[in-house]
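I opened my notebook to look for enclosed empty space. The sequence and structure come first.

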Amino acid sequence: MMNYIFELQYAMDTFYFLVCGALVMWMAAGFAMLEAGLVRSKNTTEILTKNFSLFAVASVMYMVVGYQFMYGGGLFLSGVETTAGVDVAAALAASAEEGFDGDSVYSGASDFFFQVVFVATAMSIVSGAVAERMKLWAFLAFAVVMTGFIYPIQGAWSWGGGFLDELGYSDYAGSGIVHMAGAAAALAGVIVLGARKGKYGPKGEINAIPGANLPLATLGTFILWMGWFGFNGGSTLKLGGIDVANEVANVFVNTNMAASGGAIAALIVSKLLFKKADLTMLLNGALAGLVSITAGPDWPSALVATLIGGVGGVIVVFSILALDKLKIDDPVGAISVHGIAGIWGVLAVTLSGDANIVAQLTGLGAIFGWVFVTSLIVWYVLKLVMGIRVTEEEEYEGVDIAECGLHAYPEFTNK
């Protein structure tokens, strides 16, 4: 009987991991559509190429070295079936002799799959921030280092049982570990890369550069919202058991409510500031709400989750405006959405009473410091070795032709 219970939960938890991982993988489509909608039509093909390619690069690099840096295993070149680091056959034997305690049990391959889509998410954040002026191959070269080394090393400090975990740093699904880390890498890239031509005037003017396809950006945001249920929901690491099932349901509800709170708050703030309902701020507000709840979607009530997301929706609007004043050119608002809201999300966990503010601040400082400094070094090296920015002429004509040789919308004039 105990073996049957063990095998049933093993199958259930493994299947849950895989389904949630597939939902997170679908977020790659969300990032691609969101970014494609927020760039000019002459840069659409290149941004889609980056998003598609980075997922493949992240998968290969995390398989070869990243997973090992993060969790200390050997080369993950075969589907080794383990459960919590124990051979399945041995675990079955133990459950038959001693009884099964209902702990989280799943295939090691399902864990790898779930983790690899997270690292791809972190890299997708970088893509939008450096859009419309970065060389494709320089971006992919950075993706190799980010997904194989930079992200996994800091991930090991917390989720891999490292010093942040021992300190008590709490980050349920990665407001800091995934989202702020991606934003830190993006910030370093934007600083080295510089702003798009014409974005800022000689007297400090800030010139709006509208995206080409807001319906596409809206679709991308809805896809991300949907994928986030797997992102946060799968981070329970199991499904079997009444208590865990209730936790999963609470995580799904809170994820949805935080996104709603962020969207409404950003919409209201944009109306007050601009006298108009700004769709791009609305979309980024929803995403900021999602990022804000990601560090702790399990503990709050639905109302508190809505308020946490609402705060994220407010601060993201002001952060986007502030970065523009600092001449940090982020075409899609990724640094604000994932960085500033990510910081707020990590700090919001302290409201639960179970997280130490010192541990949370230490975690934020360690993750940001590591990712930003190492990324800055890599970007500078790439700039010296191969160059990271297209020529002024190529930027004017659009990177679609310069980098990919074809337009996304050939029937239109892409200026």
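How do the residues lining the second largest cavity divide into nonpolar, polar and charged? I worked on a predicted model. I counted 8 nonpolar residues, 2 polar and no charged in that lining.

**Entry: the search.** I searched the whole structure for cavities of 30 Å³ or more and got 2.

**Entry: the second largest cavity.** I noted a volume of about 30 Å³ for this one. I then listed its lining: V24, M25, M27, A28, F31, F55, V117, A120, T121 and S124. I asked which helix gives the largest share of these residues. That is α1, with 5 residues. Both α1 and α4 supply at least two residues each.

**Entry: the largest cavity.** I read off about 60 Å³ of space here. I found F31, L34, E35, S124, I125, N284, L287, V332, G333, A334, V337 and H338 in its lining. Which elements each supply at least two of these residues? I wrote down α1 (2–38), α4 (108–129), α10 (279–294) and α12 (334–348). I sorted this lining as well, into 7 nonpolar, 4 polar and 1 charged.

**Entry: the two linings side by side.** I looked for names that come up twice. F31 lines the largest cavity, and F31 is also in the lining of the second largest. S124 is in the lining of the largest cavity and in that of the second largest. As for helices, α1 and α4 each supply at least two residues to the largest cavity, and each do so for the second largest.

Methods. Residues are numbered from 1 along each chain as its sequence is written. This is a predicted model: local features need pLDDT of at least 70, side-chain atom pairs count only at pLDDT 80 or more; totals for chains, interfaces and linings use all residues. Side-chain values use heavy atoms; hydrogens and water are left out. On a 1 Å grid over the protein atoms alone, a cavity is a set of points where a 1.4 Å probe fits but cannot get out, and a pocket is an open set with protein on both sides within 12 Å along at least five of seven lines; lining residues have an atom within 4 Å of a point. Grid points are joined across faces, edges and corners, and a volume is the space filled by probe spheres set on the points. Helices (H or I, at least four residues) and strands (E, at least two) are DSSP runs, numbered from the N terminus. Ala, Val, Leu, Ile, Met, Phe, Trp, Tyr, Cys and Pro count as nonpolar, Asp, Glu, Lys and Arg as charged, and the others, Gly among them, as polar.
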